[in-house]
Each structure stands twice: as C-alpha cells, then as structure tokens.
Amino acid sequence: MTKYLISFPSAAMIVPDGELQAVSDAAHAVVQEAKDAGVWVFGGGINESIPPVLVDADGTVKNGTYPQTAELEGGYSVLELPSYDAALEWAAKIAAACRCAQEVRAFYYDPAS
C-alpha cells in the first residue's frame, strides 16, 4: 500500500468565531475513523512557534530554511491506503472536518520504511 500526505497550510483554515471546538471535534473524529480503519500512520500540525533551522552534514546549525520551503506550515496527515482514489476520499473527509481544501501527495514506496 502507498502512504499519502494529506495537508493544508495554516492560512487556509479559517474558523469562524465560536466554531473552533466543533472543528476540533470533527477533525478528531476523522482521525479516530482513520485509526479504526487501520490506515492512520501519523499526523499533526507544524509548531509554528519554533523556528525552523538547517542542519549541515557536519552538524552546523543555521537559522532558516531552504527558500522553497520557507512557508512550510499547517496541518498534516499521513495515511497508508490501497489507492489514490481512497486518498481522495479521506482528503474529502479531512477537508470537511477542517473546513478547508486538502492537498494530496503520494510517497514513493520504500520497502525499508
């Protein structure tokens, strides 16, 4: 089976006042559904209060990111699914719960992972 990254940037999730608990409950329900179905690998949100750093092969730590990933933030789920169509179905469930569109990307298969 293939692992799929289902994600959204922080700015996409606009929750009206007073609805954060309902969105949180809906998101947790979808996560539980994925766990119960045996497709959940892991998920969560990027902690945007901790700035990213680059670590070189020699261990040198530099503040910042690669330019193309400077805006990497938001929420992520990784599910292991039998098909791309199944990934789209789960993305729709997550989109409904989080009230924003979701990006879907497939990981390359690596039998060692």
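## Two pockets, two cysteines and a buried leucine

The second largest pocket in this predicted model holds about 210 Å³ of space. A pocket here is an open set of points on a 1 Å grid over the protein atoms alone, with protein on both sides within 12 Å along at least five of seven lines, where a 1.4 Å probe fits; lining residues have an atom within 4 Å of a point. Its volume is the space filled by probe spheres set on the points, which are joined across faces, edges and corners.

As this is a predicted model, local features need pLDDT of at least 70 and side-chain atom pairs count only at pLDDT 80 or more, while totals for chains, interfaces and linings use all residues. Residues are numbered from 1 along each chain as its sequence is written, and side-chain values use heavy atoms, with hydrogens and water left out.

Here are the two pockets together.

| Pocket | Volume | Lining by class | Largest share of lining |
|---|---|---|---|
| Second largest | about 210 Å³ | six nonpolar, one polar, four charged | strand 1, three residues |
| Largest | about 390 Å³ | 13 nonpolar, 11 polar, one charged | helix 1, seven residues |

For the classes, Ala, Val, Leu, Ile, Met, Phe, Trp, Tyr, Cys and Pro count as nonpolar, Asp, Glu, Lys and Arg as charged, and the others, Gly among them, as polar. Helices (H or I, at least four residues) and strands (E, at least two) are DSSP runs, numbered from the N terminus.

Among the residues lining the second largest pocket are L5, F8, Y76, E103 and R105. Strand 1 and strand 6 (103-106) each give at least two residues to that lining.

As for the largest pocket, 25 residues line it, and F8, A27, G44, G75 and C98 lie nearest its centre. Strand 1 (2-8), helix 1 (20-36), strand 2 (40-45), strand 5 and helix 2 (84-98) each bring two or more residues to this lining.

So what about C98 and its closest cysteine sulfur? That sulfur belongs to C100 and sits 5.5 Å away, too far for a bond. A disulfide needs two cysteine sulfur atoms within 2.5 Å, and the structure holds zero of them. C98 is buried (under 20% relative accessible area; exposed is over 50%, partly exposed in between, with a 1.4 Å probe and protein chains only), at 7%. C100 counts as buried too, at 8%.

Finally, take a look at L79 in strand 5 (residues 75-81). L79 is buried, with a relative accessible area of 0%. Leaving aside neighbours within four places in sequence, its contacts (heavy atoms within 4.5 Å) include Y4, A34, V41 and W90. V41 is 38 residues away from L79 along the chain, yet their C-alpha atoms are separated by 5.2 Å.
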